[in-house]
Amino acid sequence: GEAVKYYTLAAEQGFAIAQNMLGRCYEYGLGVEQDYGKAFGYYQQAAGQGDTNAQHSLGLICLNGTGVEQNDEEALRYFRMAAEQGNPEALTSLGYCYSEGRGVATDYGEAMKYFQLAAEQGSVNAQYNIGYNYRYGEGVEQDYAKAMEYFMLAAEQGYPAAIFGIGECYYRGLGVEKDLGAAAEWYQKSLDAGYKADKEDE
């Protein structure tokens, strides 16, 4: 309601941050009727002014086909735009594209490079992905101790899949001494944090 009115006034005056916030409001139906077309339009206005969060949001919309035609190449273009300006979530999304072969050939080494840059800025998604890659040896030599280290970094920020990953490490004795009691505690913490076992983890 009221916030949307002020965002609209500011957006009409060309304020990128307000255009980005309006994009979010319309994308998620916050205080307004959900409208992906309007969300996309406001994100484009903000992105055109160099707003990296709007550029990243446009990338996600294109990647997932949310109200627009799904387009990996276009998503990649927006992610690169924001990543070149150091946006940590865009760096993480680029890493995801390289690890999953979305719009580019699968390249775990390149994915790890982007995850590392994002993790250094505190991106919890990137920290989890690095832990995951060390756990399974994707793009790096398998290293359970390093997997545990990155899972811990992400878990400290409350990331459910990382908390679950720590439980797995204790359960299987990966990078730590096998400890079923600790595993049970971490599994419970992951459930308390909202982890869903059937959910795809990015």
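In the predicted model, Thr92 has a relative accessibility of 5% and therefore counts as buried, the limit for that class being under 20%. Thr92 is part of helix α6, which spans residues 88–100. Its side chain reaches back to the backbone oxygen of Pro88, at a distance of 2.9 Å. When residues up to four places away in sequence are not counted, the residues touched by Thr92 are Phe115, Ala118, Ser123, Asn125, Ala126 and Asn129.

Helix α6 also contributes to the aromatic pairs, of which the structure holds 10. One of these is formed by Tyr98 and Tyr114, whose rings are stacked, with 5.8 Å from centre to centre and 20° between the planes. This pair links distant parts of the chain, since Tyr98 belongs to helix α6 and Tyr114 to helix α7 (residues 108–119), with the two positions 16 residues apart in sequence numbering. Tyr98 and Tyr114 are both buried.

A further pair is formed by Tyr132 and Tyr136. The ring centres of Tyr132 and Tyr136 are 4.7 Å apart and the planes meet at 45°, so this pair is classed as tilted. Both residues lie in helix α8 (residues 124–136), and because they are 4 residues apart, about one helical turn separates them. Tyr132 has a relative accessible area of 29% and is therefore partly exposed. Tyr136, at 41% relative accessibility, likewise counts as partly exposed. Tyr132 and Tyr136 belong to a cluster linked by ring pairs, together with Tyr128, Phe151 and Tyr159.

Helix α9 (144–156) and helix α10 (160–172) are included in what covers the buried residues of α11. Met148 is located in helix α9 and is buried, with a relative accessible area of 7%. Apart from residues up to four places away in sequence, Met148 touches Ile166, Cys169, Tyr170 and Val176. From Met148 to Pro160, a separation of 12 residues in sequence, the C-alpha to C-alpha distance is 14 Å.

Gly167 lies in helix α10 and has a relative accessible area of 0%, which means that this residue is buried. With neighbours within four places in sequence left aside, Gly167 is in contact with Ala183, Trp186 and Tyr187. These three contact partners are among the buried residues of α11. The C-alpha atom of Gly167 is separated by 20 Å from that of Glu138, a residue 29 positions away along the chain.

Helix α11 comprises the 13 residues 180–192 and reaches 18 Å from its first C-alpha to its last, close to the 18 Å expected at 1.5 Å a residue. The buried residues of α11 are Ala182, Ala183, Trp186, Tyr187 and Ser190. Because these residues cover an arc of only 135° around the axis, they are placed on the same side of α11. The exposed residues Glu185 and Asp192 are carried by the face of α11 turned away from the buried side.

Within α11, Ser190 is buried at 0% relative accessibility. Excluding residues up to four places away in sequence, Ser190 touches Pro160, Ile163, Phe164 and Tyr195. Trp186, another of the buried residues of α11, has the charged end of Lys189 over its ring, 4.1 Å from the ring centre. A corresponding arrangement is found for Lys5, whose charged end sits over the ring of Tyr6 at 5.6 Å from the centre.

At the start of α11, a side-chain oxygen of Asp179 comes to within 3.1 Å of the backbone nitrogen of Gly181. After the helix, α11 is followed by Gly194, which has a positive phi, near 100°.

Note on methods:
Residues numbered from 1 in each chain as written. Predicted model: local features only at pLDDT ≥ 70, side-chain atom pairs only at ≥ 80, totals over all residues. Heavy atoms only, no water. Buried < 20%, exposed > 50% of the residue type's maximum accessible area, 1.4 Å probe, protein only. Polar contact = N/O pair within 3.5 Å; in protein donor to acceptor, adjacent residues only side chain to side chain. Contact = heavy atoms within 4.5 Å. Expected span 1.5 Å × (residues − 1). Arc of directions from axis to C-beta. Phe/Tyr/Trp six-rings, centres within 6.5 Å; stacked < 30°, edge-to-face > 60°. Lys NZ or Arg CZ within 6 Å of the ring centre and 35° of its normal.
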